[in-house]
Amino acid sequence: MNDHAYDISYLLESESVVAEAPVQRVMKAAPAAPRKPSLADTQEAMARELLQAADAHEELIRQYLRMGGDTLQDSSRY
């Protein structure tokens, strides 16, 4: 094989080549592993979801009563 194929000294001697310093990167701390929620955290999350669903549930009940209100009133006569 040709010795010049592995010879890079011509690159080092060349004036056109400018050595650049590597860019320094600041490493941030690794993100903390997510903690396992406690029982209280889970209960609080469930309570929030139930409160949000309560309004929608009440509205569905109102719609049902409006649609079937006549039927309920008629059946109370018997």
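**Notebook: surface and salt bridges of a predicted model**

I looked up Ile61 to begin with: its relative accessibility is 34%, so I logged Ile61 as partly exposed. The model is a predicted one. Ile61 sits in helix α2, which I noted as residues 39-75. I then asked which residues join Ile61 in a nonpolar surface patch. The partners are Tyr64 and Leu65, and the patch comes to about 300 Å².

**Entry on the whole chain**

I counted the secondary structure elements next. The protein chain has 2 helices and 0 strands. What share of the 78 residues is buried? I wrote down 3%. For the accessible surface of the protein chain I have about 8400 Å². Carbon and sulfur atoms hold 59% of that surface.

**Entry on salt bridges**

I turned to charged side chains. Side chains of opposite charge can pair when their charged atoms come close. How many salt bridges does the count give? I recorded 4.

I checked Asp41 and Arg35, whose side chains form a salt bridge with an N to O distance of 3.0 Å. I also asked whether each partner is exposed or partly exposed. Asp41 has a relative accessible area of 28%, so I put it down as partly exposed. Arg35 is at 61% relative accessibility and therefore counts as exposed, the cut-off being over 50%.

I went on to Glu44 and Arg48. Their side chains meet in a salt bridge at 2.3 Å, N to O. Both residues belong to helix α2 and are 4 residues apart, about one turn of the helix. Glu44 shows 40% relative accessibility and is partly exposed. Arg48 is partly exposed as well, at a relative accessible area of 49%.

I then looked at Arg62 and Glu59, which pair through a salt bridge of 3.4 Å, N to O. These two also lie in helix α2, with a spacing of 3 residues, about one turn of the helix. For Arg62 I noted 43% relative accessibility, hence partly exposed. Glu59 is partly exposed too, with a relative accessible area of 32%.

**Entry on the network**

Which residues are linked with Glu59 in a network of salt bridges? I found Arg62 and Arg66.

**Entry on the patch, revisited**

I came back to Ile61 to set the notes side by side. Helix α2 holds Ile61 of the nonpolar patch, and helix α2 also holds the pair Glu59 and Arg62. Ile61 at 34% and Glu59 at 32% are both entered as partly exposed.

Notes. Residues are numbered from 1 along each chain as its sequence is written. This is a predicted model: local features need pLDDT of at least 70, side-chain atom pairs count only at pLDDT 80 or more; totals for chains, interfaces and linings use all residues. Side-chain values use heavy atoms; hydrogens and water are left out. Buried means under 20% relative accessible area, exposed over 50%, partly exposed in between (1.4 Å probe, protein chains only). Accessible areas come from the Shrake-Rupley method with a 1.4 Å probe; for residues, only the protein chains shown count as cover. Patches are made of residues with over 30% relative accessible area and no salt bridge: like charges are joined within 9 Å, nonpolar side chains (Val, Leu, Ile, Met, Phe, Trp, Tyr) within 5 Å.
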